[in-house]
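Trainee: Got a minute to walk me through this one?

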Amino acid sequence: MNRAQIVDGVIAAGVAVALVAAGVSGTHRSPDLDVLGYAALAAGGLALAVRRRAPIAVLAVTAVCALAYQVVGFEVPVVAYLFAVYAAVRAGHRIAAVVASVLMLAAVPLALLASGVAGTGAAFTQSRDVLQLAWLIAAGAAGEALRQAERRADEAERTREETARRRADEERLHIARELHDSLTHQISVIKVQAEAVVHLAGKRGEDVPDALLAIRDAGREAARELRATLEALRDDDKDPPRGLDDVPDLVRRVRTTGLDAQLTVEGRCDAVPAAVGRTAYRIVQESLTNVARHAAAATASVRIDHRPGTLVVRVDDDGQATVDSAPGVGLTGMRERVTALGGRLQAGPRREGGFSVQAELPVDPA
């Protein structure tokens, strides 16, 4: 038995005791039927123990019991029925509560007439003491107010859970994108360097140290596993650690892999939004990484063109890469970043050979 059931049981027992006590202290117009009256009083109160599980049934039982002890002659207010109305409205059964209450307002005077009350006027006057419209409205209003409060609380809790889950997902995806954008690049540089040394040593007929072979193989495996792990974890970052000012250093680092990479900056370099600068940096980084990893290129050119309202980033190479029918994580991530800023991305083979990536990023605050 849970806490709510215990509370309902205590309330039901308390109401039953209060009704029976009111019946004992009141006047009875039909003493021969006292046992039936006390049973109806007790049954009406005890029925409230299951008001959460069966509010409609409790509404009906308390109404019948209330009419029964009125017919017997017990002048006791229908307190249990008011509790039942409150429970029914709280459970969302407003129409049933309204219909039952209208019927009760009409049935109570008839029950009083059946009990021996002299005259219709006296019956209606006494019925106001037994069941007042204000009591019904108050019980229904209390049930509706608590139902709305519980619904708002549930909605707030659900919203908090969704917000917390969304923030956790955003943080997880943020970390994943940073890993892909930075760690994959560094691993690729290590792998390309190791492969170049192994290749040169093989051409010269020199023995390749086992440690160098291990570095090459570990770089390949690390790059493969990292890309597989992060493939589904892509999102746009809001706090860029890199920007346009870091592109020259990036190009210089790429040259250490043996790729002849050149940087050209054109146009007036006005203030560029941080998100645009970061996206430009990531496009250059990912493009150069793909060139070093896949293109078998000897040269690459990076061109950053500051145009009115637009920043154009273009990376060309003279390698052998082609567009795969299933884009990799890097190209998909670049497209997502550019699209999120309202820009355009074009990527594909060049007519003169090699591969080209061009992004147009809006920098106009409007």
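**The sheet, then the helices**

Trainee: How do β1 and β2 pair?

Mentor: They run in the parallel sense, with eight bridges. Strands pair if DSSP finds at least two bridges between them, and helices (H or I, at least four residues) and strands (E, at least two) are DSSP runs numbered from the N terminus. One bridge to look at is Ala-261, whose partner in β2 is Ala-300.

Trainee: Anything I should know before trusting the details?

Mentor: It's a predicted model, where local features need pLDDT of at least 70 and side-chain atom pairs 80 or more, while totals for chains, interfaces and linings use all residues. Residues count from 1 along each chain as its sequence is written, and side-chain values use heavy atoms, without hydrogens or water.

Trainee: OK, back to the sheet. What's the strand order?

Mentor: Go across it as β1-β2-β3-β5-β4: an open sheet of five strands with mixed pairing. At the edges sit β1 (260-267) and β4 (344-349), and each of those pairs on one side only. From one strand to the next, the twist averages 10°.

Trainee: Which helix packs on the sheet?

Mentor: That's α9, residues 247-255, which touches β1 and β2. Its direction makes about 160° with that of β1. Touching means heavy atoms within 4.5 Å, and angles run from 0 to 180 degrees between N-to-C directions, with axes fitted to C-alpha atoms, for helices over the stretch in contact.

Trainee: And what's the pairing between β2 and β3?

Mentor: Strand β2 (299-307) and strand β3 (310-317) are antiparallel, again with eight bridges. Ser-301 stands opposite Asp-316 in β3, and His-306 has Leu-311 as its bridge partner in β3.

Trainee: How many residues sit between β2 and β3 in that hairpin?

Mentor: Two. Check Gly-309 in the turn, with its positive phi of about 75°.

Trainee: Switching to helices. At what angle do α1 and α4 pack?

Mentor: About 150°, with the axes 10 Å apart; α1 covers residues 3-25 and α4 covers 79-90. So α1 is roughly antiparallel to α4, a label for angles over 145 degrees (under 35 is roughly parallel, 65 to 115 roughly perpendicular, the rest oblique).

Trainee: Which side chains should I click on there?

Mentor: On the α1 side, Ile-11, Val-15 and Leu-19; they meet Val-79, Ala-80 and Phe-83 in α4.

Trainee: What does α4 do with α5?

Mentor: α4 packs against α5 (residues 94-115) at about 155°, with axes 8 Å apart. That makes α4 roughly antiparallel to α5. Tyr-81, Val-85, Ala-88 and Val-89 of α4 meet a set in α5 that includes Arg-94, Ser-101 and Met-104.

Trainee: And how do the axes of α2 and α3 cross?

Mentor: They come within 8 Å and cross at roughly 155°. α2 and α3 are therefore roughly antiparallel to each other. From α2 you'll see residues such as Leu-36, Gly-37 and Ala-40, meeting α3 residues, among them Thr-62, Cys-65 and Tyr-69.

Trainee: How many aromatic pairs are there?

Mentor: One. Tyr-38 and Phe-74 sit edge-to-face, 5.0 Å centre to centre with 75° between the planes. For Phe, Tyr and Trp (six-membered ring), a pair needs ring centres within 6.5 Å; planes under 30 degrees apart are stacked, over 60 edge-to-face, the rest tilted.

Trainee: Where do Tyr-38 and Phe-74 lie?

Mentor: Tyr-38 is in α2 (34-46) and Phe-74 is in the loop between α3 (55-72) and α4, so the pair ties together parts 36 residues apart in sequence.
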